[in-house]
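Visitor: I would like a close look at a single part of this model, namely its nonpolar core and the helix contacts around it. Please take me through that part in one connected account.

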Amino acid sequence: MSMSGDSKEPREDQSQAPLIEHLIELRSRLMRAVIVILVVFLGLYSFANDIYTFVAEPLMDLLPAGSQMIATEVASPFLAPFKLTLVVAVFIAIPFVLHQAWAFIAPGLYDNEKALAIPILVSSIALFYGGAAFAYYVVFPLLFEFFTQTGPDNIAIMTDINQYLNFVLKLFFAFGVAFEIPIATFLLILSGATTVESLSKKRPYILLGCFVVGMLLTPPDVISQSLLAIPMYLLYEVGLLFGRLVRKRKEEKEADEEQEADL
């Protein structure tokens, strides 16, 4: 009895050891990510007001001379720049955070999966930043010009700094995620969940879905909805293009392998 009990305990310890090691490594990498975000945040905090001024420029440039933003809450002049700086710190630290996630899962991947995952990871980061930049430099000027010129002449525009921040962060996130569509489309084709032909036949539904998503994620006006929906659809076509290229390369590789087998 005692021998059987002793044999079970080592087996349980052996099965729990890898799990504990993985949890320790996960905690370590999460702590590194949090530390980097805090370090970046502390480095940027002295420029918090300048960062907020930069983000507010697309609206401030269109306001009448002498106009300014307002703070309707006592703590808003402090909390709004603080919140924005923390978000910017996370944005800047995203490559390092994703690198920590990659380092955690990479040992469990095959070599071909690693070779494919790195370009996808880099492309995802670049597309997310590209979506945020597109929102700031293209969408914001058009959107705020429309908003500031459509109201009655006797209405003074006095935007609350906290409300403005929530508005632009929502758009930054929406466009950043929307620009990930080529990656999502490519992965669906690569995994075999769907085919290029199937997705090509669904173009009308995809276009309609892009406008529905644009309607849900942007303010209730046609301009902002279109500015999100049209790039989403174009990026969907880019994903299909890469899917075709990968399929063609895969077919050529299989054909070469068949020829080598015949020889």
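Guide: A residue is called buried here when its relative accessible area is under 20%, exposed when that area is over 50%, and partly exposed in between. The model is a predicted one, and by that cut-off A132, at 10% relative accessibility, counts as buried. T185 is likewise buried, with a relative accessible area of 5%. Across the chain, buried residues make up 31% of the 263 residues.

As a frame for the core, the secondary structure of the chain comes to 9 helices and 0 strands, so that the pattern read along the sequence is α-α-α-α-α-α-α-α-α. Among the contacts in the chain with a separation of 6 or more, 83% join residues that are 24 or more positions apart.

The largest nonpolar core holds 40 residues, and the members that touch the most other members are Y52, F140, Y164, V168 and F172. Two or more residues are given to this core by each of α2, α3, α4 (111–150), α5 (161–178), α6 (181–191), α7 (196–201) and α9 (222–262). The largest share, 9 residues, comes from α5. Because domain 1 (29–56 + 71–108) and domain 2 (114–254) both give residues to this core, it lies between them.

Helix α2 can be followed through two of its packing contacts, beginning with the one to α5. The axes of α2 and α5 come within 11 Å and cross at roughly 85 degrees, which means that α2 is roughly perpendicular to α5. On the α2 side this contact is made by Y52, V55, A56, P58 and L59, and on the α5 side by I161, N162, Y164, L165, V168 and F172. Sorted by class, the residues of the contact of α2 with α5 are 10 nonpolar, 1 polar and no charged.

The other contact joins helix α2 (residues 48–60) to helix α3 (residues 76–105), which pack at an angle of about 85 degrees with their axes 9 Å apart. That angle makes α2 roughly perpendicular to α3. Here α2 contributes A48, N49, I51, Y52 and V55, while α3 contributes A80, P81, L84, T85 and V88. The residues of the contact of α2 with α3 divide into 8 nonpolar, 2 polar and no charged.

F172, named above among the core members that touch the most others, offers a way from these contacts to individual residues. Leaving out residues up to four places away in sequence, F172 touches V55, A132, A135, Y136 and F140. Of these partners, A132 is found in helix α4. With the residues up to four places away again set aside, A132 touches F91, F172 and G176. A132 and A178 are 46 residues apart in sequence, yet the distance between their C-alpha atoms is 9.8 Å.

To end with the buried residue T185, its place is in helix α6, one of the elements that give two or more residues to the core. Apart from its neighbours within four places in sequence, T185 is in contact with L199, Y236, G239 and L240.

Definitions and conventions:
Residues are numbered from 1 along each chain as its sequence is written. This is a predicted model: local features need pLDDT of at least 70, side-chain atom pairs count only at pLDDT 80 or more; totals for chains, interfaces and linings use all residues. Side-chain values use heavy atoms; hydrogens and water are left out. Axes are lines fitted to C-alpha atoms, for helices over the stretch in contact, and angles run from 0 to 180 degrees between N-to-C directions. Helices (H or I, at least four residues) and strands (E, at least two) are DSSP runs, numbered from the N terminus. Angles under 35 degrees count as roughly parallel, over 145 as roughly antiparallel, 65 to 115 as roughly perpendicular and the rest as oblique. Contact means heavy atoms within 4.5 Å. Ala, Val, Leu, Ile, Met, Phe, Trp, Tyr, Cys and Pro count as nonpolar, Asp, Glu, Lys and Arg as charged, and the others, Gly among them, as polar. A nonpolar core is a set of buried Ala, Val, Leu, Ile, Met, Phe, Trp, Tyr and Cys residues joined through side-chain atoms within 4.5 Å. Buried means under 20% relative accessible area, exposed over 50%, partly exposed in between (1.4 Å probe, protein chains only). Domain bounds come from an automatic or database domain assignment.
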